[in-house]
Amino acid sequence: MMAKTGLLVCLAGVFCAASAAGLDGNRTVLVSCRLRHEKGEDEIDIEVHPTWAPIGAARFLELVRAGFYDDTRIFRAVPDFVAQWGISGDPAVSREWRGKPVKDERKTTKTASNKQYTLAFASSGRNSRNTQVFVNLKDNVGLDQGFQPFGAVVGGQQHFQTINFSHGQRPMQARLLIRGNAYADTAFQGLSSFKSCHVASPNTHDADASAAAGSDKQDADASTASHESED
């Protein structure tokens, strides 16, 4: 698929992801979200790190600023593995973004590891990252070969342990894309969701300070790595 994004394109076809997203050098950006879970509704704080994955960080901030993640359901919730979301509740919005994937990170980018509470984009292959993201609910370093974290949950991590896990991976992504929340709320009542997300403020922390170090440990769940449906 052709990559059509609002990001600037620099020399040699490399995305100016940081500048396009309004990022300032190595500074992190703080995103705050309202998460609806089994015990109520709480604030979740996410630090977005442009040095971990500049293209992914820029895309996530682009989506946050566009309000894409507002009122979206967590359609994949696997205990001790991942929680995944990023299909709009409005099918028209999903159609608008579906043809706008972003390129993979450059091979020279020093990426972080998929440690507990880091976030990464789901994908279905080369240059296919689009809107779906997942949070690692434990250390999933076995995913490091295919999924580059762009941020980490730094506030409210515990609330991800109280989301609705009862539906597991049963919600069908293809139907979510076509029917949105109407399908999710009818067929899978009680799915946890994001009420809203917004950019709270630039964060002056060094983006490399909290980068998770790589590990030799291989996770048994790697073979079921988060993926985005191609249906």
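Let's start inside a sheet: strand β6 (residues 118–121) runs antiparallel to β7, and three bridges join the two. Two strands count as paired here if DSSP finds at least two bridges between them, and the elements themselves are DSSP runs numbered from the N terminus, with helices (H or I) of at least four residues and strands (E) of at least two. Within this pair, A120 has F134 of β7 as its bridge partner.

Before going further, a word on what you are looking at: this is a predicted model, in which local features need pLDDT of at least 70 and side-chain atom pairs count only at pLDDT 80 or more, while totals for chains, interfaces and linings use all residues. Residues are numbered from 1 along each chain as its sequence is written, and side-chain values use heavy atoms, with hydrogens and water left out.

Now stay with β7 and look across to its other partner. Strand β7 (residues 133–136) is joined to β5 by four bridges, and these two strands also run antiparallel. You can pick out the register from two pairs: W85 has V133 as its bridge partner in β7, and A83 stands opposite V135. In a regular strand the side chains alternate between the two faces of the sheet. In β7, V133 and V135 point one way and F134 and N136 the other way, yet all of them are buried, where buried means under 20% relative accessible area, exposed means over 50%, and partly exposed lies in between (1.4 Å probe, protein chains only). Strand β5 (residues 82–85) gives a matching picture: V82 and Q84 point one way, A83 and W85 point the other way, and all are buried.

V133 is a good residue to zoom in on. It sits in strand β7 and counts as buried because its relative accessibility is 0%. Leaving aside neighbours within four places in sequence, V133 is in contact (heavy atoms within 4.5 Å) with F60, Y69, A83, Q84, W85, A120, F121, A122 and F150. One of these, Q84, is 49 residues away from V133 in sequence, but their C-alpha atoms are 5.7 Å apart in space.

From β5 we can step on to the next strand. Strand β4 (residues 76–78) pairs with β5 in the antiparallel sense over three bridges, and A77 has A83 as its bridge partner in β5. The two strands form a hairpin with three residues between them, and there D80 takes a positive phi near 60°.

A77 also leads us to a loop residue, since N164 touches A77 along with E38, Q189, G190, L191 and S192, not counting residues up to four places away in sequence. N164 is found in the loop between β8 (149–155) and α4 (173–179). So is this loop residue buried or exposed? N164 is buried, because its relative accessible area is 8%. Its C-alpha atom and that of L191 are separated by 5.8 Å, though the two residues are 27 apart along the chain. The N164 side chain also makes a polar contact with the side chain of S166 at 2.5 Å; such a contact is a pair of N or O atoms within 3.5 Å, and within protein one must be able to donate a hydrogen and the other to accept it, with residues adjacent in sequence counting only if both atoms are side-chain atoms.

Another asparagine, N181, lies in helix α5 (residues 181–187). N181 is buried because its relative accessible area is 10%. Its side chain reaches the backbone oxygen of D71 at 2.9 Å, and beyond neighbours within four places in sequence, N181 is in contact with D71, R73 and G89.

Finally, let's step back to the whole chain. There are five helices and nine strands, and from the N terminus on the elements run α-β-β-α-β-β-β-α-β-β-β-α-α-β. Of the 231 residues, 52% count as buried. Among the contacts in the chain with a separation of 6 or more, 76% come from residues 24 or more positions apart. The chain exposes about 10500 Å² (Shrake-Rupley method, 1.4 Å probe), and carbon and sulfur atoms supply 49% of that area.
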